[in-house]
Amino acid sequence: MNADIDVDVRPEHPLSWQAIAANGLLRGTMKPISAVLLRTTASLVVANRIIELGGRLPGLVPATVSIEQESFGACSGEWVRGSGEPDSDLEELDESKVVLYLHGGGYFICSPVTHRPITWRLSAVTQRPVLALDYRQGPQHKLAESLADALDAYRALLDRGFAPEGIVLAGDSAGGHLALAMLLSLRDNGLPLPAAAICLSPWADLSDERKTANRWADPLLPAGRVEWMARRWTEGLDNRDPLVSPVFGDYTGLPPLMIVTSTTEVLREEAHRVAERARADGVPVRYEEWRKMPHVFALMADILPEARLVFPHMGQFVEAVEAAAKAEGGEVAA
């Protein structure tokens, strides 16, 4: 198996001053704010409105980035076509292939707009358009509705002529959870699987297991509030069902995975458990663990040098999956 697909990567880099500053700022502001807000349904609504208002501010994306709105049944999304070079031609993107991106936000905040720092860069490094899905979220909607939206969007891509081998799933945090649940659901229902999936800091364990790893080290996520949200979203469900907690899933037959996390994340342990379980089931996994980075640090690529460095790794992974598919004689590569 290609070493770019099935490998552990732990970048040895000196921590940038930007990362040190960001960790301190997040620990002193966002973490205590989250600890206060994430307690009731009303506070979830308030947090959602605050993020929604922030998302209306003009986004900082290069002039080479094209954004086009899209609708898929009960939800919507946006096509993001990006390039990192000022003089690049957007038409050079391979329009026969696509990344389906599922944003994070704990299933109650954020949108494709808030995650453009990720999606335009992901389009640039994979040389394909990114469809960022604005799936339904809580507190009004349930996990099953979020999953239904993601599956509907995937089927719509197939109906539009995209070959499954030309589709890559990607998502961060709750979106990483959704990507893993999608893969398990697609396989269990006999539907064609995408070429690969990229999960950034996936929230993979919504069971009642206490999160002990990095409980105090995480600069952004308060572990107690993550546990509270898990209890809220899984109320009335079997919280060890693999579609609810993918960390308990059987990954046999799934495509290659890329999982990115940080040494200090409260979600680090479950990300690593997914990697180990998938490998035990015969799935190639590129597992990357970056030192002392905030949760979903790729979202901070405008300010963190380390975050900008992780995107070429994603491009390398997708390119390696494509090369492996060609080597195996596949008609359509990732």
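Helices (H or I, at least four residues) and strands (E, at least two) are here DSSP runs, numbered from the N terminus. The structure described is a predicted model.

## Overall form

The protein has nine helices and nine strands. Its radius of gyration is 18 Å, close to the 20 Å that the globule rule gives for 334 residues, so the protein is as compact as a globular protein of that length. Along the principal axes, the C-alpha atoms fill a box of roughly 50 × 45 × 40 Å. Of the 334 residues, 57% are buried. Among contacts with a separation of 6 or more, 77% are between residues 24 or more positions apart.

## The sheet

The nine strands of an open sheet follow the order E1-E9-E8-E7-E6-E4-E5-E3-E2, and their pairing is mixed. Strand E1 (7-9) and E2 stand at the edges with a single partner strand each, so one side of each has no neighbour in the sheet. From one strand to the next, the twist averages 20 degrees.

Strands of a sheet pair through backbone hydrogen bonds, either parallel or antiparallel. Strands E2 (residues 66-72) and E3 (residues 75-81) run antiparallel and are joined by seven bridges. Within this pair, glutamate 70 has glycine 77 of E3 as its bridge partner. Two residues lie between the strands of this hairpin, in which glycine 73 takes a positive phi near 60 degrees. By contrast, strands E7 (residues 196-200) and E8 (residues 257-262) run parallel, with four bridges between them. Here isoleucine 198 stands opposite methionine 258 in E8.

Helix H5 (residues 143-159) lies across E2, E3, strand E4 (98-102), strand E5 (130-134) and strand E6 (167-172). The helix runs at about 170 degrees to E4.

## Core and buried elements

In soluble globular proteins, nonpolar side chains tend to be buried together. The largest nonpolar core in this model holds 101 residues. Those that touch the most other members are Leu100, Leu133, Met182, Ile198, Trp203, Leu257 and Met314. Leaving aside residues up to four places away in sequence, leucine 133 touches, among others, Phe72, Cys75, Gly77, Leu100 and Leu102. Its contacts also include Pro112, Asp149, Ala150 and Ala153.

Helix H4 (residues 116-126) is mostly covered, with 10 of its 11 residues buried. Among the buried residues of H4 are Arg116, Trp120, Arg121 and Leu122. Just after this helix, glutamine 127 takes a positive phi of about 55 degrees.

Histidine 272 is found in helix H8 (residues 268-280). The residue is buried, with a relative accessible area of 17%. Not counting residues up to four places away in sequence, histidine 272 touches Arg10 and Tyr287.

## Cysteines

The count of disulfides is zero. A disulfide would require two cysteine sulfur atoms within 2.5 Å. For cysteine 75, the closest cysteine sulfur is that of cysteine 110, which at 16 Å is too far for a bond. The reverse also holds: the sulfur of cysteine 110 has that of cysteine 75 as its closest, 16 Å away and too far for a bond. Cysteine 75 is buried, at 6% relative accessibility.

## Backbone exceptions in loops

Most residues other than glycine have a negative phi, and most peptide bonds are trans. A cis peptide bond joins glycine 138 and proline 139, with omega of about 5 degrees. Proline 139 is placed in the loop between E5 and H5.

Serine 173 and valine 296 depart from the usual sign of phi, as the table shows.

| Residue | Phi | Loop | Relative accessibility |
|---|---|---|---|
| Serine 173 | about 55 degrees | between E6 and helix H6 (174-188) | 9% |
| Valine 296 | near 50 degrees | between strand E9 (285-290) and helix H9 (305-327) | 5% |

Serine 173 counts as buried because its relative accessible area, 9%, lies under the 20% limit. Valine 296, at 5%, is likewise buried.

Note on methods. Residues are numbered from 1 along each chain as its sequence is written. This is a predicted model: local features need pLDDT of at least 70, side-chain atom pairs count only at pLDDT 80 or more; totals for chains, interfaces and linings use all residues. Side-chain values use heavy atoms; hydrogens and water are left out. Buried means under 20% relative accessible area, exposed over 50%, partly exposed in between (1.4 Å probe, protein chains only). Two strands pair if DSSP finds at least two bridges between them. Axes are lines fitted to C-alpha atoms, for helices over the stretch in contact, and angles run from 0 to 180 degrees between N-to-C directions. Contact means heavy atoms within 4.5 Å. A nonpolar core is a set of buried Ala, Val, Leu, Ile, Met, Phe, Trp, Tyr and Cys residues joined through side-chain atoms within 4.5 Å. The radius of gyration is taken over C-alpha atoms; the globule rule is 2.2 Å times the number of residues to the power 0.38.
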